[in-house]
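I opened this entry to look up how the ligand is held and what encloses it. The notes are in the order in which I checked things.

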Amino acid sequence: MFRKIKLLISFMLITMLLLVTGCGSVEGDASNDSVEEKEVDHLTIGFSIDSYLIERWQRDTDIFDAKIKELDKDAEVNLQNANGDIETQKQQIKYLIDKKVDVLIIVCIDSDSLSDVVAEAKSAGIPVIAYDRLIKNADVDVYLSFDNEMVGQLMGEALVEAGLPNKKVMMLSGPNEDNNVSLVESGFKKVMSDNDIEIVDVYHAPGWKAEDAATYLSEHLTELEDVDAIMCGNDNIATMVNRTLSEARLTGKVKIVGQDADLEACQRVVEGVQVMTVYKPVEKLAQTAAEYAIALAKGEEIASVTDSMTGTINDGSYDVPYCYLSPIAVTADNMDDTVIATGFHMKDEVYMNVTN
Ligand code: BGC
C-alpha cells in the first residue's frame, strides 16, 4: 500500500519548479495566485490508440504497460481505444486531459486533425508523445517511430532483388491521413525510379482496411496482366491481397511485400509466397516510449532518458524532437536471425506449414 499524499501546490511554486527543471514554457497569468490541487500519489499515463485492427498494436501496448510497471510499479496507464474513429479519438484525448493525466501518448488516426486537442493538453501542462505516427502542426514533446522512408526503401530493394522482368508494380497502401504512408511511399518510389520501374497504380485503403484493398484489387485484376509485384502497405493488406491473388490463380506470378512481420506474413515468407516483410522491433519502440513517458510525467528533461534521439523532424509548423529506430528487411534467408532470434515469433509457428 502506498501512502496517499495530497499536496497543495501554489501557482508560484509550479512556476519556480519549471524554471529549475527547465522543462515546459513558463506561461500563464502571473497575477493568478489561485491554489491548484493535485494528487501526487502515483503517476497516470494516458494512452490514446487508433485501434487494435492490426496485429502489432496489441504487442505495442502490452510491452508499453509492462515497461511502465517495471519503471514505476505504482504508475497507472489509462488506455483509450478509438476504434478507428477520429471524433472518438478527440473525445477520448479530451477525457484524458480532464482526468489530468501526467503525460499523453497518442497513436493518431489522422496526422492532420489533432493539433487543437494537443494544444489543449499542452495548455493544461500535459506533455504529449506522438507514438509511431507524427501529429502534424502540434509541437509534440517528442515523436517516436521507425525510419519510415527506410521501410519503403527496404520493400523496393527486396522487389528489385527478387526480379521485376516487366518493370511494373502496383501499390496498395494505407490511408493518406497516416503520415507514415507518405514516408513509406517516398522511400519505395525512389527505389522504383532509380531502377526504372513503373508504378502502374496506387490505391490508399481508407482506415487501413485490408478488405477494401482486396476489393480494389479484385476489381482491377486486368491491370495485373504484366505487373510483376504489389507493394502492400502492411502485412494485413498483404494477407488479403494474397487471398485475392490465390483466388485468381496468380500466387507466385505476382510478388508481394509488406511490413510488420505479422505471423501469417512470416509464414508466407518462409513458404516462398511473400518476398519479404519489414520487421520493426516494436518492443524497443514501446519500451523507449515508456521511458520517455515516465520522465516527462515527472517533469524531467527527455534528453536524460535516451541516447537514441535522432534529431528533429518538422511537423509542418515546428521542429520537434524525433527519435527513430531502424527497420529490418526479413526474407526466408534471415528469418531465424531476426524475428525468431528476438523472440518476436516462435520458430515452430513460423515454420508451421513448411515440411522438410
Ligand atoms: C504503421 C504500421 C501499421 C499501420 C496500420 C502504420 O502507421 O507504421 O506498422 O501496420 O499503421 O496500423
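The entries below go from the cavity to the ligand and its contacts.

Entry, the model. I noted at the start that this is a predicted model, and I read every value below as computed from it.

Entry, cavities. I looked up how many cavities of 30 Å³ or more the structure holds, and found one. I put down about 170 Å³ as the volume of the largest cavity. I then checked where the ligand sits, and it is in the largest cavity.

Entry, lining. I counted 18 residues lining the largest cavity. Nearest its centre I listed Asp178, Trp208, Asn234, Gln259 and Lys280. By class, the lining divides into six nonpolar, six polar and six charged residues.

Entry, helices. I asked which helices each supply at least two residues of this lining, and wrote down α2 (56-71) and α6 (179-194). Of the contributors to the lining, α6 gives the most, with three residues.

Entry, shell. Next I took the residues surrounding the ligand, with 4 Å as the cut-off. From the earlier part of the chain I have Ile54, Arg56, Trp57, Asp132 and Arg133. I also have Asp178, Asn180, Trp208, Asn234, Gln259, Asp260 and Lys280. I sorted this shell into three nonpolar, three polar and six charged residues.

Entry, polar contacts. I looked up distances from ligand oxygen atoms to polar side-chain atoms, and kept three.
- For Asp178, a polar side-chain atom lies 2.5 Å from a ligand oxygen.
- For Arg56, an N or O atom of the side chain is 2.9 Å from an oxygen of the ligand.
- For Asp132, the distance from a polar side-chain atom to an oxygen of the ligand is 3.1 Å.

Entry, burial. After the contacts I checked how much of the ligand is covered. Taken alone, the ligand exposes 310 Å², and the protein buries 99% of that area.

Entry, cross-check. I compared two of my lists for Asp178. This residue is among those nearest the centre of the largest cavity, and Asp178 also appears in the shell around the ligand.

Technical notes. Residues are numbered from 1 along each chain as its sequence is written. This is a predicted model: local features need pLDDT of at least 70, side-chain atom pairs count only at pLDDT 80 or more; totals for chains, interfaces and linings use all residues. Side-chain values use heavy atoms; hydrogens and water are left out. A polar contact is a pair of N or O atoms within 3.5 Å; within protein, one must be able to donate a hydrogen and the other to accept it, and residues adjacent in sequence count only if both atoms are side-chain atoms. Accessible areas come from the Shrake-Rupley method with a 1.4 Å probe; for residues, only the protein chains shown count as cover. On a 1 Å grid over the protein atoms alone, a cavity is a set of points where a 1.4 Å probe fits but cannot get out, and a pocket is an open set with protein on both sides within 12 Å along at least five of seven lines; lining residues have an atom within 4 Å of a point. A molecule sits in a cavity or pocket if more than half of its atoms lie within 2 Å of its grid points. Ala, Val, Leu, Ile, Met, Phe, Trp, Tyr, Cys and Pro count as nonpolar, Asp, Glu, Lys and Arg as charged, and the others, Gly among them, as polar. Grid points are joined across faces, edges and corners, and a volume is the space filled by probe spheres set on the points. Helices (H or I, at least four residues) and strands (E, at least two) are DSSP runs, numbered from the N terminus.
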